[in-house]
Amino acid sequence: MSHDVVLIPGDGIGPEITRAMRRVVDATGVSISWHVAEAGAAQIERAATPLPPETLEAVRTYGVAIKGPVTTPVGTGFRSVNVALRQAFDLYACVRPCRSLPGDGSRYRDVDLVIVRENTEDLYAGIEFEAGAPEVDELAGIVERSGQRAIRPGSAISIKPISAEGSRRIVTYAFEYARRAGRRKVTAVHKANIMKATDGLFLRVAREVAAAYPDIAFEDKIVDACCMGLVQDPRQFDVLVLPNLYGDIVSDLCAGLTGGLGMAPGANIGDELAVFEATHGSAPDIAGKDIANPTAEILSAALMLEHLGETEAAGRVRAAVVSVLSEGAQVTADVRRAQTGAAAGAVGTAAFADAVIAHLG
Ligand code: NAI
């Protein structure tokens with residue numbers, strides 16, 4: 001049986017790492033029809049948007065996509081393509097397994113946790129007003145009339161919506177995932193001591209959902225204390241469920257516990273569709289040099305193969321990556337640097353993919 005998959009190369013290091021990923025997936029023998037679709041700054045001139053309608057249509061049609069990272073301008077310019085994709089298809093669960101890999105150069109061994117991040121709400125909902133916008137004055141008026149602390153003139157405002165429905169489905173997803181994956185504990189991460197309305201709602205719903213899963217342990221942690229705990233002893237965590245912003249930040253923290261951004265895979269899952277992508281960004285500082293680590297993208301493809309029911313091929317991809325990293329002779333510069341303090345002796349993106357293919361068995 002052949003699977004249809006939309007491939008969005010993205011920009012920066014995206015084209016290099018997705019090329020490497022595609023070669024590895026094709027070498028497993030699983031039959032995939034790749035439908036290449038574009039996204040990113042280069043599309044603006046042609047399609048007047050970084051996320052062209054035909055790309056959206058392809059994802060809608062085929063239901064499964066894997067993408068490379070896409071650059072988002074900081075502070076000004078167009079909105080994030082990633083956020084837009086997640087919102088357009090209601091890909092509400094961002095799942096990021098964080099597992100120690102042999103020779104990953106990290107300070108920690110035996111890390112094995114999973115981040116489940118809410119993907120559609122919170123400060124990432126994209127509801128923002130620039131300083132000077134008339135809506136800011138209107139909102140300031142509402143706040144003043146409600147008797148709360150006045151908003152300082154000249155402020156910009158980003159709105160943080162968190163709903164009971166959104167919280168319930170992400171926490172339920174986390175518990176269902178834990179059950180399926182044989183995991184023992186779910187930790188809800190929040191800042192409900194300060195944000196009593198939004199994070200308070202998230203926590204209340206998390207406790208309600210937890211009560212329906214007596215077979216899985218539940219605890220909650222305030223996000224700052226959670227970060228400290230992760231750095232002190234990541235092995236105390238199992239599945240973490242977080243609202244969008246904390247999930248974004250804690251994902252990168254956890255990537256740092258397991259060999260860095262080049263190693264951290266991810267999946268964005270909705271009820272109908274799934275888009276797989278590495279945790280990292282487009283890394284413009286190393287783009288086009290054949291030095292980026294494609295591991296995160298290749299492991300994202302393993303998650304995708306599992307999603308497609310190709311469990312055996314997914315296992316072979318993972319095992320091949322682990323073998324290449326354990327042998328340690330053919331690793332990319334980021335890994336070599338973490339191991340030895342220098343990049344000398346590292347191989348390039350394409351050569352790493354060749355090594356993984358040679359180990360596929
Ligand atoms: P980044 O993740 O691109 O890079 C941070 C650091 O990690 C850089 O030093 C980079 O060289 C290194 N790095 C990242 N991936 C690597 C890999 N595979 N191999 C080796 N080294 C790697 O984060 P940054 O610089 O904050 O963002 C760059 C752009 O990417 C921004 O425009 C941002 O908005 C975008 N971005 C896109 C994402 C996506 O498409 N899913 C996710 C995160 C950021």
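Ala, Val, Leu, Ile, Met, Phe, Trp, Tyr, Cys and Pro count here as nonpolar, Asp, Glu, Lys and Arg as charged, and the others, Gly among them, as polar. The views show a predicted model, in which local features need pLDDT of at least 70 and side-chain atom pairs count only at pLDDT 80 or more, while totals for chains, interfaces and linings use all residues. Residues are numbered from 1 along each chain as its sequence is written, and side-chain values use heavy atoms, with hydrogens and water left out.

**View 1. The lining of the largest cavity.** A search of the whole structure yields 1 cavity of 30 Å³ or more (on a 1 Å grid over the protein atoms alone, a set of points where a 1.4 Å probe fits but cannot get out, with lining residues having an atom within 4 Å of a point). The volume of the largest cavity is about 40 Å³, taken as the space filled by probe spheres set on the points, which are joined across faces, edges and corners. Its lining comprises 4 nonpolar, 3 polar and 3 charged residues, including Glu118, Asp122, Phe202 and Asn244.

**View 2. The shell around the ligand.** The ligand is surrounded by 21 residues (each with a heavy atom within 4 Å of the molecule), and the closest are Val70, Thr72, Asn82, Gly281 and Ala283. By class, this shell holds 8 nonpolar, 9 polar and 4 charged residues.

**View 3. N and O atoms facing the ligand.** Backbone N or O atoms of Val70 and Ala283 lie 2.8 Å and 2.7 Å, respectively, from an oxygen atom of the ligand, whereas a polar side-chain atom of His280 lies 3.3 Å from a ligand nitrogen atom.

Key
On a 1 Å grid over the protein atoms alone, a cavity is a set of points where a 1.4 Å probe fits but cannot get out, and a pocket is an open set with protein on both sides within 12 Å along at least five of seven lines; lining residues have an atom within 4 Å of a point. A polar contact is a pair of N or O atoms within 3.5 Å; within protein, one must be able to donate a hydrogen and the other to accept it, and residues adjacent in sequence count only if both atoms are side-chain atoms.
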